[in-house]
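Work through the exercises below with the sequence and the structure at hand. Each task is followed by a solution in steps.

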Amino acid sequence: MLKTRHNLLLPRITLAIQPISPDGRMGRVRRIRTNSWVKQMALIMYGNIGWIDASAVDVTGTSGSLIITISGYTIRMRIGSVTGSTQGIVAGTSNAALDRDSFNLAAKINHGNAAGQLFYNTQLYDPLTTITGGYRIRLFRQLDNSSGASITIQEVGLIVDHSWPGVLNNFSQFLVLRDLIPGGHTVPNGGSVILRYDLDWLV
């Protein structure tokens, strides 16, 4: 994975896991220090900073150039207040080793209430806050389990939209973070979990 020192361009990251029992009780928060940026994030930064149509791989495994320099294109990286499992914070069931060339979770859990699925609530954010020595962006979302059986989350990631080849203002999805939960986290049927990424820029 692409590791960063805390005072460089990429932020320090903490993944927090907040269980919610089937009767609505909030469990103890588990925090994991990470910095597991994958190659696609480096390429997005390289393209935008260098104003270069860098080649990247989207979540489908399709390779193409990030649209940066073509006149008339809206150029942006975004997530927004999305629902579903196509972008934002996502979860999966694989504990495959971390790989800097990952372009998607190894076994992403799909959105829904059927067997093996979790219901992805709206991706949410806290306002930019001042912390000791820097600033924090917090992203979080709740995943509910109505599948009829327990589901164990082994991997968590962050997927963003970015400009992509094709029609004007076309976008595709890119994995920028992938992290493993040591030992996994089991969401019981009827229970929920809140997954939270804290991105800390320390100056």
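**Exercise 1. Find which residues are linked in a network of salt bridges, and place two of its pairs in the chain.**

Step 1. The network links Arg 12, Asp 126, Arg 136, Arg 138, Arg 196, Asp 198 and Asp 200. A salt bridge here is a side-chain nitrogen of Lys or Arg within 4 Å of a carboxyl oxygen of Asp or Glu. The structure holds 10 salt bridges.

This is a predicted model, in which local features need pLDDT of at least 70 and side-chain atom pairs count only at pLDDT 80 or more, while totals for chains, interfaces and linings use all residues. Residues are numbered from 1 along each chain as its sequence is written, and side-chain values use heavy atoms, with hydrogens and water left out.

Step 2. Take Asp 200 and Arg 12, whose side chains meet in a salt bridge at 3.4 Å, N to O. Asp 200 is in strand β12 and Arg 12 in strand β1, 188 residues apart, so the pair links distant parts of the chain. Helices (H or I, at least four residues) and strands (E, at least two) are DSSP runs, numbered from the N terminus. Both Asp 200 and Arg 12 are buried. Buried means under 20% relative accessible area, exposed over 50%, and partly exposed in between, with a 1.4 Å probe and protein chains only.

Step 3. Take Arg 138 and Asp 198, whose closest N and O atoms are 2.6 Å apart. This pair also links distant parts of the chain: Arg 138 lies in strand β9 and Asp 198 in strand β12, 60 residues apart. Asp 198 counts as buried because its relative accessibility is 6%.

**Exercise 2. What does the side chain of Arg 178 make a polar contact with?**

Step 1. Locate the residue: Arg 178 lies in strand β11.

Step 2. Its side chain makes a polar contact with the side chain of Glu 155, at 2.7 Å. A polar contact is a pair of N or O atoms within 3.5 Å; within protein, one must be able to donate a hydrogen and the other to accept it, and residues adjacent in sequence count only if both atoms are side-chain atoms. The two side chains also meet in a salt bridge, 2.7 Å from N to O. Glu 155 is in strand β10, 23 residues from Arg 178.

Step 3. Check the burial of each partner. Arg 178 is at 2% relative accessibility and therefore counts as buried. Glu 155 has a relative accessible area of 0%, so Glu 155 is buried too.

**Exercise 3. Which members of the largest nonpolar core touch the most other members?**

Step 1. A nonpolar core is a set of buried Ala, Val, Leu, Ile, Met, Phe, Trp, Tyr and Cys residues joined through side-chain atoms within 4.5 Å.

Step 2. The largest core has 41 residues, and Ile 153, Val 156, Leu 158, Leu 195 and Tyr 197 touch the most other members. Among the elements that each supply at least two residues are α1 (39–50), β10 (151–163) and β11 (171–187).

Step 3. Look at Leu 158. Not counting residues up to four places away in sequence, Leu 158 touches nine residues listed here: Ile 79, Gly 88, Ile 89, Leu 139, Phe 174, Leu 175, Val 176, Leu 177 and Tyr 197. Contact means heavy atoms within 4.5 Å.

**Exercise 4. Is Leu 118 buried or exposed, and which residues is Leu 118 in contact with?**

Step 1. Leu 118 is found in the loop between β6 and β7 (119–120). Leu 118 counts as buried because its relative accessibility is 0%.

Step 2. Leaving aside neighbours within four places in sequence, the contacts of Leu 118 include Ile 109, His 111, Leu 143, Asn 145 and Ile 153.

Step 3. Follow the contact to Asn 145, which lies in the loop between β9 and β10. At 1% relative accessibility, Asn 145 counts as buried. A polar atom of the Asn 145 side chain lies 3.3 Å from the backbone oxygen of Pro 188.

**Exercise 5. Which residues make the nonpolar surface patch of about 430 Å²?**

Step 1. Patches are made of residues with over 30% relative accessible area and no salt bridge; like charges are joined within 9 Å, and nonpolar side chains (Val, Leu, Ile, Met, Phe, Trp, Tyr) within 5 Å. Accessible areas come from the Shrake-Rupley method with a 1.4 Å probe, and for residues only the protein chains shown count as cover.

Step 2. The patch is made by Leu 128, Tyr 135, Ile 137 and Val 203. Leu 128 lies in strand β8 (residues 124–131) and is exposed because its relative accessible area is 58%.
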